[in-house]
Amino acid sequence: MPSSTAASSELERLRQLVPEFQLIRSSELREKCERTWLRALKEGGFTPDDIQNIPNSLLTKDPVPFAVSKRAVARMCAAMWDTLHEYYGERLKADRDTLVAGALLADAGKFLEYSYKDGKWGKSSVGKFLRHPFTGVALAHAEGVPAPVLHVIAAHSKEGDPYPRTPECIIFHHADFTDFELLG
Ligand SMILES: [Fe+2]
């Protein structure tokens with residue numbers, strides 16, 4: 001298959017597996033986010049279908065699949081923004097697209113951090129040096145993802161604890177840890 005045809009079929013498959021990309025209203029930002037996932041999958045040696053098997057975490061005994069967690073948290077973030085906006089209107093200083101894009105991209109670096117070897121999942125050779133917030137920023141920056149979304153990726157997990165998080169990052173951080181602590 002010619003590489004451009006292969007790339008478009010990978011994009012189509014990604015869109016089937018993660019319809020939550022459609023929650024990003026800006027088509028330009030949505031496409032940058034999709035391209036970041038495809039770049040990350042390729043660099044990690046994975047295909048879109050692998051997201052159904054890659055574990056969401058290496059820290060829990062019975063982790064949920066990566067794809068399910070990312071989809072759930074993206075939906076949670078959109079719902080949280082919609083609810084807060086309904087009640088507080090302009091008092092809510094958070095951008096919906098930045099939040100949802102950040103939610104979908106925050107863990108894309110796990111495609112470089114994790115690898116499957118000798119029948120089990122573990123840290124890859126890259127993952128031993130760089131956790132996913134770092135690789136995630138590099139991958140998204142290469143696709144032109146704007147700085148407010150890069151901040152969500154960079155500061156969403158423990159690495160961001162010492163720094164002030166933006167409103168979007170605060171919402172995502174709590175949705176993400178709700179998902180992780182309750183479901184793994
Ligand atoms: Fe994460």
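Ile-24 sits in the loop between α1 and α2. Leaving aside neighbours within four places in sequence, Ile-24 is in contact with Leu-29, Arg-30, Cys-33, Asp-97, Val-100 and Ala-101. The model is a predicted one. Is Ile-24 buried or exposed? Ile-24 counts as buried because 25 other C-beta atoms lie within 10 Å, and the cut-off for burial is 20 or more. Leu-104 is 80 residues away from Ile-24 in sequence, yet their C-alpha atoms are 9.6 Å apart in space.

The contacts of Ile-24 lead on to a pair of helices. Which residues of α2 meet α4? They are Leu-29, Cys-33 and Thr-36, and on the α4 side stand Asp-97, Ala-101, Leu-104 and Leu-105. The axes of α2 and α4 are 10 Å apart and make an angle of about 10°. That is why α2 counts as roughly parallel to α4. The residues of this contact divide into five nonpolar, one polar and one charged.

Now take α2 by itself. Helix α2 covers residues 27-44. Its 18 residues should span 26 Å at 1.5 Å a residue, and its end C-alpha atoms are 26 Å apart, so the two agree. The buried residues in α2 are Lys-32, Cys-33, Thr-36, Trp-37, Leu-38, Ala-40, Leu-41 and Gly-44. An α-helix has 3.6 residues a turn, so residues three or four places apart point the same way. The cover over the buried residues of α2 includes α1, α4, α5 and α6. Just after α2 comes Gly-45, with a positive phi of about 80°.

Helix α3 runs through residues 66-88 and has 23 residues. From first C-alpha to last, α3 reaches 32 Å, close to the 33 Å expected at 1.5 Å a residue. Which residues of α3 are buried? They are Phe-66, Ala-67, Ser-69, Lys-70, Arg-71, Val-73, Ala-74, Cys-77 and Trp-81. These buried residues pack against α1 (3-17), α4 (96-105), α5 (110-113) and α8 (167-183). Here too a glycine follows the helix: Gly-89, just after α3, has a positive phi of about 55°.

Cys-77 of α3 leads to the core. The largest nonpolar core has 42 residues. Those with the most contacts inside this core are Cys-77, Val-100, Ala-103, Leu-105 and Phe-172. Which elements give two or more residues to the core? They are α2, α3, α4, α5, α6, α7 and α8. In soluble globular proteins, nonpolar side chains tend to be buried together.

Phe-172 shows how parts of the chain come together. Not counting residues up to four places away in sequence, Phe-172 touches Cys-77, Leu-99, Gly-102, Ala-103, Ala-106, Val-152 and His-156. One of these, Val-152, is a buried residue of α7. The others buried in α7 are Val-149, His-151, Ile-153, Ala-154 and Ala-155. What do the buried residues of α7 pack against? They pack against α4, α6 and α8.

Next comes α6, residues 132-142. His-132 belongs to this helix. His-132 counts as buried because 24 C-beta neighbours lie inside 10 Å. Leaving aside neighbours within four places in sequence, His-132 is in contact with Asp-107, Gly-109, Lys-110 and Glu-113. Tyr-88 is 44 residues from His-132 along the chain, and their C-alpha atoms are separated by 33 Å.

Two loop residues complete the tour. Glu-159 lies in the loop between α7 and α8. Glu-159 has 13 C-beta neighbours inside 10 Å, so this residue counts as partly exposed. Not counting residues up to four places away in sequence, Glu-159 touches Arg-131 and Pro-133. Val-64 is 95 residues from Glu-159 in sequence and 23 Å away in space, C-alpha to C-alpha.

Where is Asp-118 found? Asp-118 is in the loop between β1 (114-117) and β2 (120-123). Asp-118 counts as exposed because there are 5 C-beta neighbours inside 10 Å. Its phi is positive, about 50°, although Asp-118 is not a glycine.

Methods: Residues numbered from 1 in each chain as written. Predicted model: local features only at pLDDT ≥ 70, side-chain atom pairs only at ≥ 80, totals over all residues. Helix = DSSP H or I, 4+ residues; strand = E, 2+ residues; numbered from the N terminus. Expected span 1.5 Å × (residues − 1). Buried ≥ 20, exposed ≤ 12 C-beta atoms within 10 Å, placed from the backbone. Contact = placed C-beta atoms within 7 Å. Core = buried A, V, L, I, M, F, W, Y, C linked by C-beta atoms within 7 Å. Axes fitted to C-alpha atoms, helices over the stretch in contact; angles between N-to-C directions. Parallel < 35°, antiparallel > 145°, perpendicular 65-115°, else oblique. Nonpolar A, V, L, I, M, F, W, Y, C, P; charged D, E, K, R; others polar.
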